[in-house]
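Biologist: Could you take me through how one reads a few features of a model, starting from the structure itself?

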Amino acid sequence: MATRVFIDGEAGTTGLQIRDRLLTRDDIALVQIDPALRKDAGARRDALAEADVAILCLPDAAARDAVALAEGLPTRFIDASTAHRVADGWVYGFPELSPATRQAITGAQYVSNPGCYATGAIALIAPLVAAGLIAPDEALTINAVSGYTGGGKEMIAEMEAEGAPAHFAYGLAQGHKHLPEIMLRAGLTRRPVFAPAVGRYAQGMMVQLPLQLEGRRLDDLRAALAAHYQGSRFVRVVDPQPRIVPTSLNDTNLLDLSVHGSDENGCAVLVAVLDNLGKGASGAAVQNLNLMTGADEGAGL
Ligand SMILES: NC(=O)C1=CN([C@@H]2O[C@H](COP(=O)(O)OP(=O)(O)OC[C@H]3O[C@@H](n4cnc5c(N)ncnc54)[C@H](OP(=O)(O)O)[C@@H]3O)[C@@H](O)[C@H]2O)C=CC1
Ligand SMILES: CC(=O)N[C@@H](CCC(=O)OP(=O)(O)O)C(=O)O
């Protein structure tokens, strides 16, 4: 029997992309809600009750409401919002983090999808902390740029309007919502400095981690990442390139990691590239759905 999936927030940026990835699958049946009733608690409760799996593509408060609406039901959840990424009782939906994480996703009732920037940052930092190549209290800086779809419908309208800026930095007050999950999931005890930016292009993301090498060697960093992601279907450790383009993995569920720099000069920059709507959101949600339902992990991706 097909798995019944309700995408709560289906009309939004993330929801629409998930729908596109599931529409043609015969192992999935989408639970539909009258668009006029998409914010009606009763209609949403009925849809949540009918679904085997609900994928929440909502603002944080609405995501919390959806979970409360389904209290007592066996419905399984994948939450794309920030609401549950460091919450007890929720599995962090980054299967490449560890075999135990992948296993936990498979059987979980509550899975929280990682943040888009967090996906790139954690992918670079977590294996290096585990390998002893980054100390948990090392002073780290993370720089990043995202396409404007990362800000949802509101930012899309703003950045597609005449006179929008070509590029802007934001979140510099160091309160970005992805920092708690980056620290917890990468095993950091010291808060990194995080400097995100948005470019006037729709989708695609680059996350950079500059490092003073202080005795570490580029090959050791590269080898630790390669060992961690060996056999991974979606996370690749790739050779350094003279130019890195954040849109290069658009419409894929891939995440490319590369190590750049100079042993001689003692400086490195580690780079992650992903589609903020792919491995950063909708692709990751579908990958988690596949793991939760026993489908091929790459189905629809
Ligand atoms: N965009 C991205 O790159 C990523 C987004 N996310 C997360 O996914 C979630 C959705 O983001 P995104 O798709 O970008 O946002 P959008 O603003 O594009 O879409 C949000 C959708 O939720 C609907 N909605 C709002 N409140 C309610 C409610 N109370 N009940 C039902 N539906 C409601 C909106 O309705 P309406 O159509 O009326 O506005 C809209 O369709 C967020 O939590 C975000 O953090 C995660 C990773 C990346
Ligand atoms: C460009 C932009 O505004 N990006 C968002 C992050 C993306 C998002 O809201 O969703 P996730 O937290 O699930 O990744 C922000 O910085 O708040």
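Biologist: Which residue takes a positive phi just after α7?

Modeller: The model is predicted, so local features need pLDDT of at least 70 and side-chain atom pairs count only at pLDDT 80 or more, while totals for chains, interfaces and linings use all residues. Residues are numbered from 1 along each chain as its sequence is written, with chains lettered from A and ligands numbered from 1 in the order in which they are written. Helices are DSSP runs of H or I with at least four residues, strands are runs of E with at least two, and both are numbered from the N terminus. Here Gly187, just after α7, takes a positive phi of about 80°.

Biologist: Is helix α7 largely enclosed or exposed?

Modeller: A residue is buried if 20 or more other C-beta atoms, placed from the backbone, lie within 10 Å of its own. In α7 (residues 179–186), 6 of the 8 residues are buried, so the helix is largely enclosed by the rest of the structure. Those buried residues, which include Glu181 and Arg185 as well as Leu179 and Ile182, pack against β5 (91–92), α5 (116–130) and β9 (193–199), with contact taken as C-beta atoms within 7 Å.

Biologist: How many residues surround ligand 1?

Modeller: Counting residues whose backbone-placed C-beta lies within 6 Å, there are 25, and Gly12, Thr14, Ser81, Gly152 and Ala281 are the closest. Helix α1 gives the largest share, 3 residues.

Biologist: Which residues are the closest to ligand 2?

Modeller: Of the 13 residues surrounding ligand 2, the closest are Gly115, Cys116, Ser146, Gly150 and Gly151.

Key
Buried ≥ 20, exposed ≤ 12 C-beta atoms within 10 Å, placed from the backbone. Contact = placed C-beta atoms within 7 Å.
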